[in-house]
Amino acid sequence: MINDNNYKRRYVISGIAVGIVLVYIIRLFFLQIIDSTSGDKADSNALVRQTIYPSRGLIYDRNGELLVFNQPIYEVTMIMREMGKQFDTTAFCRTLAIDRKEFDSRIADIKNRKKNRGYSSYTPQVFLSQLKKEDVATLQESLFCFPGVQIRKRTLRDYTYNAAAHVLGSVGEVSQSDLDKDPYYSRGDYSGRDGLEQTYELALRGEKGVEVLMRDSKGRLQGSYHDGELDRPAQAGQDLTITLDIQLQLLAEELLANKVGSAVAIEPQTGEILALVSSPAWDPQVLVGRERNANYNALLNDASKPLLNRATQATYPPGSTFKTVQALVCLQEKGITPRTQYPCSGPGSTPIKCTHHHGSPVSLEEAIEQSCNPYFWCAFRDMLQRGGYGEENENFRHNYEVWREDMLSFGFGQRFEDSDVGYQSSGSIPSTRFYDKYYGKTGWKAITIRSLSIGQGEVLVTPLQLANQAAMIANKGYFITPHLNKADSMRLRRHQTPIDSSYFGVVQEGMHRVMTNGTGRWYKVPGVESAGKTGTVQNPHGKDHAIFIGFAPLENPQIAVAVVVENAGFGATWAAPVASMMMEQYLNGNVSRTDLRKRISTAVLTTP
């Protein structure tokens with residue numbers, strides 16, 4: 001007969017044994033799966049994993065000139081567990097030329113798991129970054145005095161030219177939002193913060209590698225673990241060739257020095273941006289290294305707003321440069337024909353006066369050549385009033401919306417969404433709803449919005465849009481999305497205006513006459529037939545803005561340009577010569593008019 005007490009005892013002992021096994025299994029599962037730091041703790045006794053950072057991709061201009069490259073820098077890392085209580089903080093701070101307050105703040109940030117998600121006291125943490133060789137030289141000599149401290153080599157951006165800062169952008173330390181969005185980054189990593197560096201971050205950054213080192217019981221490194229079988233090499237970032245012509249960019253920046261404005265040049269047949277200048281700008285080198293934050297704040301607080309990319313973000317009434325597209329739309333919508341003439345009484349004209357004295361009546365080509373305001377007011381009025389106003393203004397409002405849609409087809413009133421150009425403003429081509437809000441459906445007529453006829457009033461454009469306008473006229477009705485990556489074939493991104501291509505010839509001839517007999521005649525491109533249109537834009541906040549658009553050569557155009565010089569006065573005096581020399585530089589490889597170049601580049605037009 002079985003002894004009941006022994007029988008029961010056996011089950012109790014078996015239950016205890018099973019319970020102990022389950023506890024061990026659960027604990028092992030927690031250590032190996034749930035608690036990620038346990039692997040760090042185990043491995044850190046024998047292994048050290050060091051991140052190998054890739055070289056960032058280089059940036060070249062369209063002709064293969066190196067624009068952006070890398071220089072070596074250093075960062076100081078710490079393994080908190082190895083520092084110990086006897087760590088000489090005072091000597092360490094003195095060696096790195098920092099104070100105790102900064103030391104404590106950085107240590108607190110390292111240990112803050114909200115800011116530093118990958119924190120572990122067993123793995124290297126970035127304490128100080130973006131140091132030059134001379135910054136770490138003293139620390140290198142006394143590194144043995146500071147257990148747990150290491151010096152790690154990285155790279156930082158450097159620049160061949162002090163130019164194109166708005167286009168190239170900058171590289172800075174990643175933000176918390178970057179860490180939250182992309183597991184690739186760790187605290188202390190760098191990424192593109194703006195410009196092309198940000199747009200092409202994924203391609204430029206490359207892929208990190210890792211080197212696994214073994215150490216002895218005293219923590220001394222003994223070399224690669226298993227002859228490097230766990231190592232993974234870093235992969236360098238992809239190089240980027242951009243569409244800019246750096247010599248053209250340098251010239252435009254020189255000509256706009258000590259002025260507020262912008263210049264954009266486009267190759268019409270490809271949409272490639274040859275130059276994109278905003279003035280004032282800054283030396284891209286100032287946003288590199290430990291001084292980046294201080295320098296960025298100085299730029300941010302500068303009253304001249306150098307961080308504003310005026311070429312893509314500033315908006316202006318286009319002034320008389322708008323008359324070229326006004327002519328095309330009025331031709332398309334049967335407001336006028338190529339042979340239509342209107343009278344002009346010069347400054348005595350009403351309701352819009354002419355700023356020039358010329359013969360009357362005026363043809364379309366002459367109106368473009370002489371920039372005749374009354375002509376374009378009459379053309380605009382007759383187009384809008386075609387068919388009468390109708391009940392509740394429906395005919396007039398319909399004609400206006402047709403006019404607006406035609407204008408939008410030129411790239412106005414919207415961003416180039418399929419472009420790699422960042423930080424664009426859309427500008428404005430006001431809708432019927434806009435005017436209905438202020439005047440009511442029947443409260444506005446052609447006379448109410450007459451300023452639109454000459455590119456004033458509520459119409460606003462960016463310099464990038466103006467350059468694209470010039471490219472469209474050069475192409476007789478289409479544009480390729482303006483872009484900066486030379487490797488991208490954008491020819492399929494062709495945007496066609498509904499304007500009949502046969503109408504572009506008369507507008508091109510009018511623009512050609514501007515450069516031969518009109519306001520641009522003093523700034524012909526030597527040896528090249530060109531087309532252009534000047535503009536002097538009313539500015540309620542000060543002196544008028546000077547504007548110019550143009551393209552060259554007249555046949556088979558290779559470059560289209562737009563220039564805006566704020567508070568400068570006449571477009572023919574300041575914007576036209578800048579554009580003319582840019583066209584000469586690109587087409588001929590140099591600027592022969594050295595006196596003109598000196599006069600424009602040394603002129604100071606900044607407002608106090």
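Okay, let's start with helix H18, which is mostly covered: twelve of its twelve residues are buried. Buried here means under 20% relative accessible area, with exposed being over 50% and partly exposed in between, using a 1.4 Å probe and protein chains only. Helices and strands are DSSP runs numbered from the N terminus, H or I with at least four residues for a helix, E with at least two for a strand.

Before I go on, the housekeeping. This is a predicted model, where local features need pLDDT of at least 70 and side-chain atom pairs count only at pLDDT 80 or more, while totals for chains, interfaces and linings use all residues. Residues are numbered from 1 along each chain as its sequence is written, and side-chain values use heavy atoms, with hydrogens and water left out.

Back to H18, then. The helix covers residues 463-474, and its buried residues include Pro463, Leu464, Gln465, Asn468, Gln469, Met472 and Ile473. Does the length come out as expected, or what do the ends say? At 1.5 Å a residue, the twelve residues should span 16 Å, and the end C-alpha atoms are 17 Å apart, which agrees. The expected span is 1.5 Å times one less than the number of residues in the helix. Just after H18, Lys476 takes a positive phi of about 60°.

While we're on backbone angles, there are two more positive phi values, both in residues other than glycine. Ala164 has phi near 60°, and it sits in the loop between S5 and helix H7 (165-168). Ala164 counts as buried because its relative accessibility is 3%. Tyr423 has phi near 50°, and its place is the loop between helix H16 (394-408) and helix H17 (432-439). With a relative accessible area of 48%, Tyr423 is partly exposed.

Next, the cis peptide bonds. One joins Ser279 and Pro280, with omega about 5°, and Pro280 is in the loop between strand S12 (272-279) and helix H12 (292-300). Another joins Ser360 and Pro361, with omega about 0°. Pro361 lies in the loop between helix H13 (323-332) and helix H14 (364-370).

Now for the inside. How many cavities of 30 Å³ or more does the structure hold? One. By cavity I mean a set of points, on a 1 Å grid over the protein atoms alone, where a 1.4 Å probe fits but cannot get out; lining residues have an atom within 4 Å of a point. The volume is about 230 Å³, taken as the space filled by probe spheres set on the points, with grid points joined across faces, edges and corners.

Sixteen is a fair number of names to read out, so here are just the ones at the middle: of the 16 lining residues, Pro54, Arg56, Arg154, Thr155 and Tyr190 lie nearest the centre. Strand S5 (residues 149-159) gives the most to that lining, with four residues. By class, the lining has seven nonpolar, three polar and six charged residues. For those classes, Ala, Val, Leu, Ile, Met, Phe, Trp, Tyr, Cys and Pro count as nonpolar, Asp, Glu, Lys and Arg as charged, and the others, Gly among them, as polar.

On to the cysteines. How many disulfides are there? Zero, where a disulfide is a pair of cysteine sulfur atoms within 2.5 Å. Cys93 is in no disulfide, and the nearest cysteine sulfur, that of Cys145, is 14 Å away. At 5% relative accessibility, Cys93 counts as buried. Cys354 is in no disulfide either; there the nearest cysteine sulfur belongs to Cys344, 3.8 Å away. Cys354 is buried too, at 1% relative accessibility.

One other cysteine is worth a look on the screen. Cys378 lies in helix H15 (residues 373-384) and is buried, with a relative accessible area of 11%. Its C-alpha atom is separated by 9.2 Å from that of Arg450, and the two residues are 72 residues apart along the chain.

Let me finish with two residues and their surroundings. Contact here means heavy atoms within 4.5 Å. Asp178 is in helix H8 (residues 176-181). Is Asp178 buried or exposed? Buried, at 15% relative accessibility. Setting aside neighbours within four places in sequence, Asp178 is in contact with Tyr185, Ser191 and Arg193.

The other is Gln125, found in strand S4 (residues 125-131). At 6% relative accessibility, Gln125 counts as buried. Again leaving out neighbours within four places in sequence, the contacts of Gln125 include Val76, Thr77 and Met78, along with Ile110, Asn116, Gly118, Tyr119 and Ser120. That's my tour, thanks.

Notes: 1 Å grid on protein atoms, 1.4 Å probe; cavity = no way out; pocket = protein on both sides within 12 Å on 5 of 7 lines; lining within 4 Å.
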